[in-house]
Each structure stands twice: as structure tokens, then as C-alpha cells.
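Biologist: Please take a close look at one place where two helices pack against each other, and then set that place in its wider surroundings. I would like each term explained where you use it.

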Amino acid sequence: MEFFTGGGALWKARGMPAALADGYEGYVAAARLAEELGFDGFGAPEHHFMYDSFIPLPLQALAAAAAVTSRVKLKTGAMLQPLYDPIEAAEYAAVLDVVSSGRAILGLGMGYRPYEFDGFGYDKKSRGERLAEAIRVIELATSNDTFSFEGKHYQYRDVSLSPRSVQRPIPIWYLGGTSIQAAQRAGREGFPYWLANSSFERTQRMVAEYRKAAFEAGWPEERMQIAAQKDICIGETLAEAEERRLQILDNFYDEHILGYGYLVDDRGRHVYGATREHPVYQQFVSSIYCGTLEMVVEELKRYEALGMTAVSIGGDPHFIAEKILPEFRRGPVAAAPAAQGVSQ
Amino acid sequence: MRIGLSWDVGDGRSPVDAWKAILDEIEVAAGYGFDSAWMTEERGNPASCSAPASFLTAVAARSRSLQLRMAGRTVNRHHFVRLAEEVAVLDLFSRGRAGVSFAAASRTGVAPGHVHEAIDFVRAAWSTDEFRFRGDYIRFPRHTPDSAPAGASEPDAPGAYVPQWEWGPDMPDFLSITPKPYAVNPPVYVEIDDDETLAWAAARGVSPFVRADVPTETAVERLRRYRSLAARAGVPRSATEPVLERRVVVDGATGPTTLGGTPEALINTIRGLRAQTGMSHLVWRRSTAETGEAKALYRFASQVQPLLQA
């Protein structure tokens, strides 16, 4: 199982005053460190119009990471694809792929914040359909010298992408949040599927739904891949780990999860302004795994046994590299390729 | 006068090889004291760079001194919000070294007014917090009513503060584009091929850019006209940075778009162009086939650039 991480501060976290440019510099340093410590991938997220100056262009941030690394894969997560024209997205992705000598990975999500769609002038209701079409378009654009596409939302005739990507195609993951509907859509469409934070039990159910939908749609098994984002809190004791979770919730997650409509109830409706007692919020809280080091390793092993090819986690990179990664390494970390590419 | 470099990338090399050659040359040029690196938005061959901000963000992590400029940025291929955001992100990664030059309307199939609106929009995005924009080509946010003032406008009064995460599904009438650039006002340039844009840019104090494929004679005429109109509009000389992009051949022949000659001849030619046009930034347009020929860069940097001012 591969391990992806992130780092630095591509926004100004509430209650943690710091210069944004210093955070950007820290992001570049964190990418270099992740590679040195043996992580497999490094990521960047996306949001717009945020009071905290959240990074709006993950592919651009990853280009900075590309310049100081040569091995780690560079993945967006989540890039809000319905806010891009698919060719526009493919161009940004191809530039990263060339700059990184073929290490770009697209993690594409639907987005959910109403004002982001209003700011960009795109329809929110059609975002699921548009994401699915866009994935097809980007696959075509980064696989063929020239391509055409005739979809419900997007149409292109005899288009050639500049630059031509190194990877043919650039790998794309469908980032489907935590809803069962998303898992089913990913399977039906035959997309590799990167789950958002969920408890193991819910993850099991989503993976089952994903595989069932893929099987029924006739997709070959080798195309169907699963991976997960998994926030973990580690302590000397369970109580200490749970205390850390409270800090993470208070400093970062609560506003993102309780506001903005991230949470979706069982009927697929967005929940705004939920209280901390709301079942879907509690479901999110339980998705952040708390435990001692041994418990966390055991939990991650369960994800590996489920067939996960990768997991993205946060936390102290030195600790994770020293204590967790070796538990999952069956051989040496792949050596950095010879300096053939654009990046160092 | 500032001296920069830009590149043609159509010499048949793979994208990785062509871009690596440029990056290597940028590092050499930074060491020689060149002032800027310009990556042009282009399509049409496999090595063309359609998203120069990302390329330059990679450059930012490898150079500390060069100004980083996007050239030929089109207004209809990438979203106008993203045009504002990408300059700000590059500016933060480079700590204030970002700038952008927009392509002429006539060579990108859009109306001049579309380019003008895009420039007004990105400048508003960088300099104001919550705002909206109503134009013929740009409306931000989407639900901005026809009754809104033309161009950028801000709320008359701030109203009660509601944290963003408590907005719910309601659409705010004004939005702030973030992050803001590191610099207060990143430099903005526009190609002045079109008369309408030339006059508009001169009146607004938007710096002019003349591309390498415009004959020098025409470039001089257009930059002179720009200077005259800017002066008439009361735009101070210090508010703009006229840019002339040329091919340069040290010890070579002068051509319609090429500056050639001995170092002494080049000094006289460039000083003459500066006197005629008021240009303050010369960009040497190179071919990726020329990269690796550091000798020419060294000669220019050591024998021409230091002698451009008496």
C-alpha cells in the first residue's frame, strides 16, 4: 500500500497566525521532506473565495513541489473538476506532468459549496454528470495526439493537447466523498475510486457497493482500484489520541464540516449548520481514527487487506516514516530516477 | 533597463527535453544577472506551454532573483477567476516576482473589450476584498444583477459579519478572490497590436508589450504612439513598463525582427530604441535550439547589458 501525504500551510489557519508566503515555502520544504522520508505521494487540495486564503490551484502548487522532488507522485485531492472546462483542466495537468517528468495524478471531486459554483458561473446540479464526462475527456486528451468527444455537457472535435503529457494517460482517481451514491457512480463508470474519510465499517460498505456496481457494469477487475484518505490521531493512550482529535476538529475541521454543506444525510441532502450532535457529524468524527501506534498500524492493515492500493494520511511525517511506513514496506523504497526529467 | 528572456519551443524536441533546456538556461541566466524569464502561453505543438503559471511556479522554486512573467495569456481559454488566482499563487511562491502579459484580442479571436474587462477584473480581484463584476463578457458572481454598476463594485456598507462557514446555501452578492498576491499590484501588460487596446492601455496605465514577431519598425511606431497617448492621458512615466521582445544575435545580422551586430552595435541599437519608444524592458526571444549556447548569453550579459546606461 502506498502512502501519500501533504504539508506546509497553503492557507492561513484560524488561531495559528503565520505569513502565507512562509506557508507556501513550508509546503515546498514538506514535499522535499516527504520524498526523503520515503512517502510515495504528495498532495494539494482546492477551494475558492475562502476567508483563510485556501489554495485555489492544486496543480500549480504541485508544480512547485515537482521542482524540488524527483520520485514522489504528485496528486490533487480534491481538485474540483466541475469548476473547470475539461480541456482547461487537462492543460494544467499536462503542464504538471511535463514539469514533473510524468508524476502527475488527478484526484477529481465534484465540489459541494454553492458559492464556489456561483463564483465560477457553473451549474451545481449537473456536477456529477459533468465530472464523469470530464474524466473521459481528460483521459482521451492525455492518451491521444488528437481526439473528439461528444457528450451531453461537453463536445470537442479534433482537439490536440499542448503540451503532450508524459503519462499516456495521466492517472485519474474519482474522489467521491462519503456517500453511497458516489461509490456506486464510481463503480458504474469504471473509475478508480479514492474514498474520503470514513469509518472502517462504512468504508467496507462503500467498497462493496463500488465493486458491485463495477461488476454489474462489466468493467474489468484490473481497472477497479481503491484508495482512501484516512485521518489518524496517535497518542500514548487512546484518551491522548482522542484529545488530539478534538484539537484538529476545533482548529480546522469543524467549520469545514459543519458549514458549507459538506455533510450529506441518508437522503442525499446537504446539511448546513449542523450541530455537533447531528448523526452525520458524529459519523465524520468517528471517521478520524484514534489510537496508539499499534492500534493505528492495525487499522491501516485492515485497509490494506480490503485491497486499498494507497492511503493519504496527515501527521508528523518523521513519526509516520519511522514508525508506520516500515510496517507496510516489503522491499526498499524505489530509488529516485536518474535526472532525465525537467524536475531536479 | 531590465533584460529578460523568453523562448520558442517548436524545435521538435519532446516537451520534457525542451522544458528542461529552458529551465537549465534560466538558471544560467539568473547567474548572469538577467532580470526576467517570460513563458508564453502557446498551443499547436507537443511542447507548447498552455499554462505558463504552473511552469513558472516550478521555476520559482529554483531561482531567487528572476522576475517571472507569463506572456500571451489568453482570456478565453482559462476561466477569468483562475487568471487572477494563478498570478496570486505564483506571486506567493515567488515572493512578489509574478506578472502577466495578456495576448492581443485580434490574434486570439476575441473582442478587445473582452481583454480589457479581463484586465480590469484581475486587478479588482487583487486589490479588493468582497466585490462583484458586471461586464459584457464577465459576470462575477454569476447571479450579479443587470442593475449592478458596470465593472467592479464593492458593498456600500459591510453589513453584519457572518462567518463564511455559516452562509449556508445562500449566495453572497459579493465574493473575495483569494489568496491575494504577495505584491500589492503585480505588473500587468497587454499586447498593443490592436488600436483599440493600445489607446485603452495608454489611458489606463497598463504597460504595453510588443511581441517578437512584430517588425521592429512597427514596434517602434506603436510604442511611440502608446507613449504619446499615455502622456496625453496624464499617466506618469513611472506607472508603466513598456516591453519590447526581440530576437538578438550577438555578432549576427540585423533583420526585420532581429537585433544583431557586435556588442557595441547592439548597445547603440538598444539605446536608440529606448530613446525612440520609452521601453524599459527588453526581452530576448530565444529558440530552445539556442539553449545550451551559454556563450552568447554570457557575452550579452557581460558586454552589452552593463553598458546600456551611460
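Modeller: Angles under 35 degrees count as roughly parallel, those over 145 as roughly antiparallel, those from 65 to 115 as roughly perpendicular, and the remainder as oblique. This is a predicted model, in which local features need pLDDT of at least 70 and side-chain atom pairs count only at pLDDT 80 or more, whereas totals for chains, interfaces and linings use all residues. Residues are numbered from 1 along each chain as its sequence is written, while chains are lettered from A and ligands numbered from 1 in the order in which they are written.

The part I have chosen is the packing of helix 1 of chain A with helix 11 (residues 317–324) of chain A, where the angle is about 10° and the axes are 10 Å apart. Helices here are DSSP runs of H or I with at least four residues, strands are runs of E with at least two, and both are numbered from the N terminus; the axes are lines fitted to C-alpha atoms, for helices over the stretch in contact, and angles run from 0 to 180 degrees between N-to-C directions. Helix 1 and helix 11 of chain A are therefore roughly parallel to each other. From helix 1 of chain A, A:Leu33, A:Ala34 and A:Leu37 meet A:Pro317, A:His318 and A:Ala321 of helix 11, a contact being a pair of residues whose C-beta atoms, placed from the backbone, lie within 7 Å. The residues of this contact divide into 5 nonpolar, 1 polar and no charged, where Ala, Val, Leu, Ile, Met, Phe, Trp, Tyr, Cys and Pro count as nonpolar, Asp, Glu, Lys and Arg as charged, and the others, Gly among them, as polar.

Helix 1 of chain A also takes part in the interface between the chains, to which chain A gives 45 residues and chain B gives 53. On the side of chain A that touches chain B, the elements giving two or more residues are helix 1 (20–37), helix 2 (58–67), helix 3 (86–99), helix 4 (114–120) and helix 8 (238–258). The residues on this side of chain A divide into 30 nonpolar, 10 polar and 5 charged.

Around these helices, chain A has 11 helices and 15 strands in its fold. With a radius of gyration of 19 Å, close to the 20 Å that the globule rule gives for 344 residues, chain A is as compact as a globular protein of that length; the radius is taken over C-alpha atoms, and the rule is 2.2 Å times the number of residues to the power 0.38. Its C-alpha atoms fill a box of roughly 60 × 50 × 45 Å along the principal axes. Of the contacts in chain A between residues at least 6 apart in sequence, 69% join residues at least 24 apart. Among the 344 residues, 49% count as buried, which means that 20 or more other C-beta atoms lie within 10 Å of a residue's own, whereas 12 or fewer make it exposed and values in between partly exposed, with C-beta atoms placed from the backbone.

Some loops of chain A deserve a look at the backbone. In the loop between strand 2 (41–44) and helix 2 lies A:Ser53, whose phi is near 65°, a positive value in a residue other than glycine; A:Ser53 counts as partly exposed, because it has 19 C-beta neighbours inside 10 Å. The peptide bond joining A:Gly77 and A:Ala78 is cis, with omega of about -15°, and A:Ala78 is in the loop between strand 3 (73–76) and strand 4 (79–80) of chain A. Another cis peptide bond runs from A:Ser162 to A:Pro163, with omega near -5°, and A:Pro163 belongs to the loop between strand 7 (155–159) and strand 8 (172–175) of chain A.

Chain B offers a helix pair to set beside the one described. Helix 1 (residues 15–32) and helix 8 (residues 294–304) of chain B pack at an angle of about 20°, with axes 10 Å apart, and are therefore roughly parallel to each other. Here B:Val28, B:Ala29 and B:Tyr32 of helix 1 meet B:Ala294, B:Leu297, B:Tyr298 and B:Ala301 of helix 8. The residues of this contact are 7 nonpolar, no polar and no charged.

Terms used
Two residues are in contact if their C-beta atoms, placed from the backbone, lie within 7 Å.
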